[in-house]
Protein chains: 2
Amino acid sequence: MGLFSKKKSISVQTIRRLPQYLRVLYDWHGYGRELASSTELAQETQVPPIVIKKDLQAIGAPSKMRAGFKIKGTISAIENFLGWDNLNKAFLVGAGHLGAALLGFSGFKNHGLEIVAAFDTHPERVGNEIHGVHVYHTAQLKSVIEEKKLKIAVLTVPGPAAQGITDTLVACGIKAIWNFAPVKLAVPPDVAVQQEDIASGLAELCAQLKRK
Amino acid sequence: MGLFSKKKSISVQTIRRLPQYLRVLYDWHGYGRELASSTELAQETQVPPIVIKKDLQAIGAPSKMRAGFKIKGTISAIENFLGWDNLNKAFLVGAGHLGAALLGFSGFKNHGLEIVAAFDTHPERVGNEIHGVHVYHTAQLKSVIEEKKLKIAVLTVPGPAAQGITDTLVACGIKAIWNFAPVKLAVPPDVAVQQEDIASGLAELCAQLKRK
DNA sequence: ATCATATGGATATAAAAATATCTACATCTT
DNA sequence: AAGATGTAGATATTTTTATATCCATATGAT
């Protein structure tokens with residue numbers, strides 16, 4: 001064992017389950033509860049207790065033998081692991097239906113995300129506010145990003161426009177893109193892209209339906 | 001080998017990749033192209049060629065040795081596998097921001113889904129049309145489902161309302177629920193539920209960002 | 001004080017998914 | 001006509017992820 005301890009990588013599946021645990025833990029914490037066992041969490045989340053145990057161990061959640069995991073400490077551990085303990089300034093490109101819906105979703109502040117600006121090219125949208133967020137013209141991307149020190153991009157533009165906007169974002173130094181356009185983006189290796197493809201979920205549902 | 005050939009189950013990951021292939025294939029088919037190799041598809045989708053090969057083999061896509069997969073036949077194979085070759089009548093419960101955005105998304109008709117009704121409880125929404133879809137009061141769920149022979153439910157209600165609505169849907173005989181509420185639904189085993197949790201994707205992005 | 005019990009911790013096993021390797025063959029080039 | 005090449009097909013291997021098993025321990029009941 002050398003100086004550089006090999007950091008055990010945490011699986012994508014584990015990461016995707018963490019917000020689910022977090023919601024239940026917030027709830028219980030609100031009721032003043034202090035401890036929760038993996039079996040109790042399992043009942044609420046329908047995730048097997050062994051999986052929960054392993055997930056929470058992986059991120060180093062504090063626990064009490066025989067009694068379960070400490071709720072407050074586990075919340076902190078998850079929030080810290082995800083960086084949700086302080087807000088990242090984000091912006092949205094493409095203020096269409098989906099974009100507007102995301103701007104109206106108040107829950108992001110609990111998830112480390114604060115959307116403080118929006119961009120679009122449609123004249124009837126530019127200059128207005130949507131759910132309290134000002135809509136700039138896309139041409140102003142660079143200046144506003146620098147001025148407001150924005151870090152995370154939420155992409156809700158039509159597919160054909162996505163790669164072009166992405167190139168601009170990369171040129172502006174953006175390192176994280178949450179992409180709702182049904183297009184695989186090409187980016188340098190130091191830029192994180194999270195692809196949301198609504199069709200994948202629908203495909204899963206339809207495949208389930210066909211099997212039954 | 002007996003009478004009952006064991007149907008090899010197709011992995012969830014494969015199913016989630018199929019729509020991605022489909023988009024590229026539609027595009028190429030539109031240009032009159034007839035054959036596509038897994039390496040070419042790999043370039044476009046950023047999915048490794050071996051994975052593509054295995055996925056397409058799994059659903060029995062037709063191919064030509066040395067030349068690749070037949071585009072038209074592969075489109076048919078994917079559409080057939082997902083049941084996207086004929087439209088399922090669907091409805092949406094909860095015509096808020098997200099619900100309205102989904103109603104405005106025209107792409108579902110290419111994905112076997114036709115949303116023909118919406119439901120809500122807010123008086124200012126009931127009776128109106130959103131993107132051409134009529135909004136009924138939630139109390140009318142049962143009668144409208146039966147009258148219009150609706151099959152698939154899209155749930156975009158607030159979390160606390162989700163389980164109650166689900167119980168009603170199950171009582172109405174609905175067998176497929178696409179759930180956008182951040183709640184795990186309890187349903188009988190013959191009902192398919194697909195959970196969409198926007199927080200999971202955000203968690204993935206934030207975890208990536210922290211690593212870099 | 002003693003014992004039963006439910007839990008996290010650690011390890012081992014199994015299952016699923018991704019990746020690599022090799023073969024046969026149809027097409028193209030020469 | 002002969003050979004090189006890039007492909008699907010089949011199989012094997014590795015990696016990842018999920019699940020099971022056993023153990024030590026803190027808690028609560030007796």
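1. A handy definition to start: a polar contact is a pair of N or O atoms within 3.5 Å; within protein, one must be able to donate a hydrogen and the other to accept it, and residues adjacent in sequence count only if both atoms are side-chain atoms. In this predicted model, local features need pLDDT of at least 70 and side-chain atom pairs count only at pLDDT 80 or more, while totals for chains, interfaces and linings use all residues. Residues are numbered from 1 along each chain as its sequence is written, chains are lettered from A and ligands numbered from 1 in the order in which they are written, and side-chain values use heavy atoms, leaving out hydrogens and water.

2. Now look at the phosphates of DNA strand C. Arg17(B) has a side-chain N or O atom 3.1 Å from a phosphate oxygen of the strand. For Ser38(A) the corresponding distance is 2.7 Å, and for Gln57(A) 3.4 Å.

3. Which residues come nearest to DNA strand C? Of the 20 around the strand (a heavy atom within 4 Å), they are Ser38(A), Ser63(A), Arg66(A), Ser11(B) and Arg17(B). Sugar and phosphate make up 65% of the strand's atoms that come within 4 Å of the protein.

4. Next, find α3(B), a helix (a DSSP run of H or I, at least four residues, numbered from the N terminus). α3(B) gives the largest share of the surface near DNA strand C, three residues.

Definitions and conventions
Helices (H or I, at least four residues) and strands (E, at least two) are DSSP runs, numbered from the N terminus.
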